[in-house]
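Got your viewer open? Follow along below, picking one selection at a time and looking around before moving on.

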Amino acid sequence: MPNPALSKTATLRAIPSVDQLLRTEAGMELRSSVGITRLTTIARQVTEEMRRQIQSADLPEQSKDELLGEAVEKLQAICKRETGSAIHRVINATGVILHTNLGRAPLSDEARHAVLEAAGYCTLEYDPTTGSRGKRGAYAEELLTQLTGAEAALVVNNCAAAALLILTVLAGDGETIVSRGELVEIGGDFRVPDVMSNSGTLMVEVGSTNRTRLDDYRGAITGQSRLIMRVHPSNYRIIGFTAAPELQALASLAHESGLFLYEDAGSGALDDLSAYGLSDEPIIRDSISAGADVVSFSGDKLLGATQAGLIVGRHEIIDRLRRHSLYRALRVDKLCLAALEATLAAHRRDSIEEIPVLRMLALPSNSIEKRARNLVEQLAGDAAIEATIIMGQSAVGGGSGPNVHPQTALIALKHHTLSADEVELKLRQSSPPIIARIADGLVLIDLRTVDTREEPDLLRALASVGNSLSASPSSFN
Ligand SMILES: *Cc1c(COP(=O)(O)O)cnc(C)c1O
């Protein structure tokens, strides 16, 4: 009979040292990916954990090699988990176009190129023709004024920052009047009442949740009033017995009383997108011509660029915003401006095809179906997985068009032995991860949000879930 106490002592002595662990082949590799300091800390954790485990349980005796192998595996697993939280590419097969968790709008090729170009030294605040200092964001601002008809424009970090800046500068010393029907929360912690209180303005609520009239606004105007704010409810809808004054009427009321009208348009559209069902999104140009003095909207929603808060409006207002010290804290960097300029330039060319968000929105379901059939055919040689086409719906997402569900063709997957959850997990664990959704026990792939260039990666992942190769013509030779 082996003596358990003795074997425990032997096993404890066989635990690799931190140094030994770091000098293994895996240790050397990990050193270059996480750095020696972090790796040493993890290696120490791993060996200490092993020591504790062996001390507290009666495990069978293990050899030096076995323990080293085990330690290396643990080291690799922890490092993998840590680097797994880094940003990397995924394939969005959910059909949700503006998927906030997946980075909202995917950039156009031009915008990606512009980001790369700006990554080094660039003309951020430099004019090579004169050799002197240039204005940051000048071209993006110029494009914004051309596209919206506004006098001037300013770019900040996101739409929440835009609202904070506008409310602080224009109404921080007074009152802002807003309808009770517009005190909304938009995902990601943007709440109108909170932004109001952060800005220092006193929020004056008028009307009711479903109905607010012009007279409600008029009755709330005092000597302390500075702004009337109109908020687009975005991912929230009040339907039925509702009323709200037209923007133009609100603008007239504001101007009669010496106030400004501010519209937070949220997603905002540069063009009329009602052909794609998006008839509720304010068109920025229309808001400006209806008399709004300042309008804010997001860069990474329907505009299809990076995260940014776009502000357009009257010269006088934009100048005040730009001069305020808060602007310095909220301004954007060169990478953001580069992507924004490229995307706005595509909007000016009316080039829907170039801007992924608009291209995806415009995709007719029959062209999605054709691509889906093609993929399913290529998977047909796979015995373990059954792929069929069913009709379904995509979504706009990102707080835009909550009622808009473009018709789509879905690839529905059923595995002969794995559950839907297991298939979805395997897809998520592929490289790049494929993000799909599950409904009625089926894993659903919506190609609306998958670029055609991503299809080979998708096919490879699907084939490997089926655990057999796809039926490429060469396999029949
Ligand atoms: C989305 C949204 C915001 C927040 O925009 P971010 O760019 O995400 O900060 C603010 N207001 C409205 C009305 C929105 O729809």
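**Stop one: the hidden spaces**

The largest cavity holds about 60 Å³ of space. Keep in mind as you click around that this is a predicted model. Across the whole structure, a search turns up 2 cavities of 30 Å³ or more. To see the walls of the largest cavity, select Gly268, Ala269, Leu270, Asp271, Leu273, Leu302, Leu303, His347, Ile352 and Leu358. Colour them by class and you'll get 7 nonpolar, 2 polar and 1 charged residue in that lining.

How are such spaces found? Rolling a probe the size of a water molecule over the atoms shows where empty space is left.

Now hop over to the second largest cavity, with a volume of about 30 Å³. Its lining is made by Arg136, Gly137, Glu141, Val155, Tyr327, Val332 and Leu337. By class, that's 4 nonpolar, 1 polar and 2 charged residues.

**Stop two: the ligand**

Next, click the ligand. Which residues surround the ligand? Select Arg104, Asn158, Cys159, Ala160, Ile186, Phe190, His232, Ser234, Asp264, Gly266, Ser298 and Lys301, and you have its shell. This shell is a mix of 4 nonpolar, 5 polar and 3 charged residues.

Zoom in on the oxygen atoms of the ligand. A polar backbone atom of cysteine 159 sits 2.9 Å from a ligand oxygen, and for a polar backbone atom of alanine 160 the distance to a ligand oxygen is 3.0 Å. Then show side chains: a polar side-chain atom of serine 234 is 2.4 Å from an oxygen of the ligand. On its own the ligand has 390 Å² of accessible area, and the protein covers 94% of that. Switch to cartoon view and find helix 8 (159-171) and strand 11 (260-266), the elements that each give two or more residues to the shell.

**Stop three: backbone oddities**

Stay with serine 234, in the loop between strand 10 (225-231) and helix 11 (247-256). Its phi is positive, about 55 degrees, although serine 234 is not a glycine. Is serine 234 buried or exposed? Its relative accessibility is 2%, so it counts as buried.

Compare that with aspartate 350, in the loop between helix 15 (334-348) and helix 16 (356-362). Aspartate 350 isn't a glycine either, yet it has a positive phi of about 60 degrees. At 59% relative accessibility, though, aspartate 350 counts as exposed.

Finally, select proline 432, in the loop between helix 18 (420-428) and strand 17 (434-435). Look at the peptide bond leading into it from serine 431: this bond is cis, with omega near -5 degrees.

Key:
Residues are numbered from 1 along each chain as its sequence is written. This is a predicted model: local features need pLDDT of at least 70, side-chain atom pairs count only at pLDDT 80 or more; totals for chains, interfaces and linings use all residues. Side-chain values use heavy atoms; hydrogens and water are left out. On a 1 Å grid over the protein atoms alone, a cavity is a set of points where a 1.4 Å probe fits but cannot get out, and a pocket is an open set with protein on both sides within 12 Å along at least five of seven lines; lining residues have an atom within 4 Å of a point. Grid points are joined across faces, edges and corners, and a volume is the space filled by probe spheres set on the points. Ala, Val, Leu, Ile, Met, Phe, Trp, Tyr, Cys and Pro count as nonpolar, Asp, Glu, Lys and Arg as charged, and the others, Gly among them, as polar. A residue is near a molecule or strand if one of its heavy atoms lies within 4 Å of it. A polar contact is a pair of N or O atoms within 3.5 Å; within protein, one must be able to donate a hydrogen and the other to accept it, and residues adjacent in sequence count only if both atoms are side-chain atoms. Accessible areas come from the Shrake-Rupley method with a 1.4 Å probe; for residues, only the protein chains shown count as cover. Helices (H or I, at least four residues) and strands (E, at least two) are DSSP runs, numbered from the N terminus. Buried means under 20% relative accessible area, exposed over 50%, partly exposed in between (1.4 Å probe, protein chains only).
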